[in-house]
Amino acid sequence: MRYDIASYIYEPINTLLEVPTGIRKARRELIRRARGKVIELGVGTGLNLPFYPEGVEVVGIDISEKMLEKARKKRSKAKVSLMKADARKLPFPDNSFDTAVSTFFLCVIPEKEVVVREIRRVLKSGGVLLAMECSPPDNLLFRAFLNGLSAITSRITGTNFRTDIGKLLVENGFSIARERKLANGAVRVLTALSQKEEEGYPGEEPAELQR
Ligand SMILES: C[S@@+](CC[C@H](N)C(=O)[O-])C[C@H]1O[C@@H](n2cnc3c(N)ncnc32)[C@H](O)[C@@H]1O
């Protein structure tokens, strides 16, 4: 399984890419904003675990046992539990979490919409998705380059820079509260809100018809 193999080289390569570019610092700033009961999708080797604040309860899921083995060695101020699970079919009831975290996960997984819908299902109304994902950069030449590179990286790690993750989230019921671009937008840091009440309940009249 490719993520089991990747687990041996993932962290050294990531550290080389993330530290000089400021991505590691942005990770820390994003993750320390997690609140309440948190689900982290594709937790990988647990790079985010040391950045969670005290008092939060984190459930980290990943499909790769080897990745989880590495994550289990990480320290965290938060209460962490790690389990093998598939983000395409999360083993949690609706409205279970206050915060969802996805870093370099939605840009990796082919079934993005299925996963976004699952995230929304398990988030409580008013819940927050904290995401840091590869996306198409603003500069057209850089975009063309990363588009081509995605043909290779998507085969090796799944990573691709072709999907605008912010747009995907909006199309699937989230609103974007905050967006920060790194590396010309090739990496985006997003805070997205899931408001379920707006959708109403079956049989309920739309708000403007209610008196
Ligand atoms: C690029 S790594 C990102 C790891 C971590 N989020 C980070 O920021 O370093 C993607 C992770 O997603 C996991 N993954 C891939 N498909 C998955 C799925 N369907 N369900 C859960 N995890 C999955 C992989 O095993 C891998 O650990």
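Two strands count as paired here if DSSP finds at least two bridges between them. Keep that in mind for the strand views below, and remember that the whole model is predicted.

**View A. Strands β2 and β3 run side by side in the parallel sense.**
Strand β2 covers residues 57-62 and strand β3 covers residues 79-84, and six bridges hook the two together. Want a couple of landmarks? Look for D62, which stands opposite K84 in β3, and for V59, which sits across from S81 in the β3 strand. To get from β2 to β3, the chain passes through helix α4 (residues 65-71), and this β-α-β crossover is right-handed.

**View B. Strand β2 also pairs with β1.**
Here the partner is strand β1 (residues 37-41), and five bridges join β1 to β2, again in the parallel sense. L41 is a handy marker, as it stands opposite I61 in β2. How much of β2 is covered? Mostly covered is the verdict, with five of the six residues in β2 buried. When you trace side chains along the strands, it helps to know that in a regular strand they alternate between the two faces of the sheet.

**View C. E18 and R24 make a buried salt bridge.**
The side chains of E18 and R24 meet with N and O 2.8 Å apart. Are these two residues buried or exposed? E18 has a relative accessible area of 4%, so it falls under the 20% cut-off and counts as buried. R24 is at 14%, so R24 lands under that cut-off too. For the general idea behind such pairs: side chains of opposite charge can pair when their charged atoms come close.

**View D. E29 and R180 reach across the sequence.**
The closest N and O atoms of this salt bridge are 3.3 Å apart. Why does the pair deserve its own panel? E29 lies in helix α3 (residues 23-31) and R180 in strand β6 (residues 174-182), so the bridge ties together parts that are 151 residues apart in sequence. Both partners are partly exposed: E29 has a relative accessible area of 28%, and R180 comes in at 39%.

**View E. E113 and R117 pair up within helix α5.**
Their side chains meet in a salt bridge with an N to O distance of 3.5 Å. The two residues are four apart in the helix (residues 112-122), about one turn. E113 is partly exposed at 40% relative accessibility, and R117 is partly exposed at 46%. Elsewhere, D138, E179, K181 and R188 are joined into one network by salt bridges that share partners. Count up the salt bridges in the model and you get 16.

**View F. The ligand sits among 21 residues.**
Which of them come nearest? Those are Y10, R27, G42, D62 and T103. Zoom in on R27 and you'll find a polar atom of its side chain 2.9 Å from an oxygen atom of the ligand. I63 uses its backbone instead, with an N or O atom 3.2 Å from a nitrogen atom of the ligand. Then there's D86, where an N or O atom in the side chain is 2.9 Å from a ligand nitrogen. As for how wrapped up the ligand is, the protein covers 96% of the 600 Å² of accessible area that the ligand has on its own.

**View G. T99 in strand β4 contacts the backbone of R35.**
T99 belongs to strand β4 (residues 97-103) and is buried, with a relative accessibility of 3%. The T99 side chain reaches the backbone oxygen of R35 at 2.7 Å.

**View H. M83 sits in strand β3.**
At 30% relative accessibility, M83 counts as partly exposed. For a sense of scale, compare M83 with V187: the two are 104 residues apart in sequence, and their C-alpha atoms are 27 Å apart in space.

Conventions. Residues numbered from 1 in each chain as written. Predicted model: local features only at pLDDT ≥ 70, side-chain atom pairs only at ≥ 80, totals over all residues. Heavy atoms only, no water. Right-handed = clockwise from strand over helix to strand, strands pointing away. Salt bridge = Lys/Arg side-chain N within 4 Å of Asp/Glu carboxyl O. Buried < 20%, exposed > 50% of the residue type's maximum accessible area, 1.4 Å probe, protein only. Near = heavy atom within 4 Å. Polar contact = N/O pair within 3.5 Å; in protein donor to acceptor, adjacent residues only side chain to side chain. Areas by Shrake-Rupley, 256 points an atom, 1.4 Å probe, with all protein chains shown as cover.
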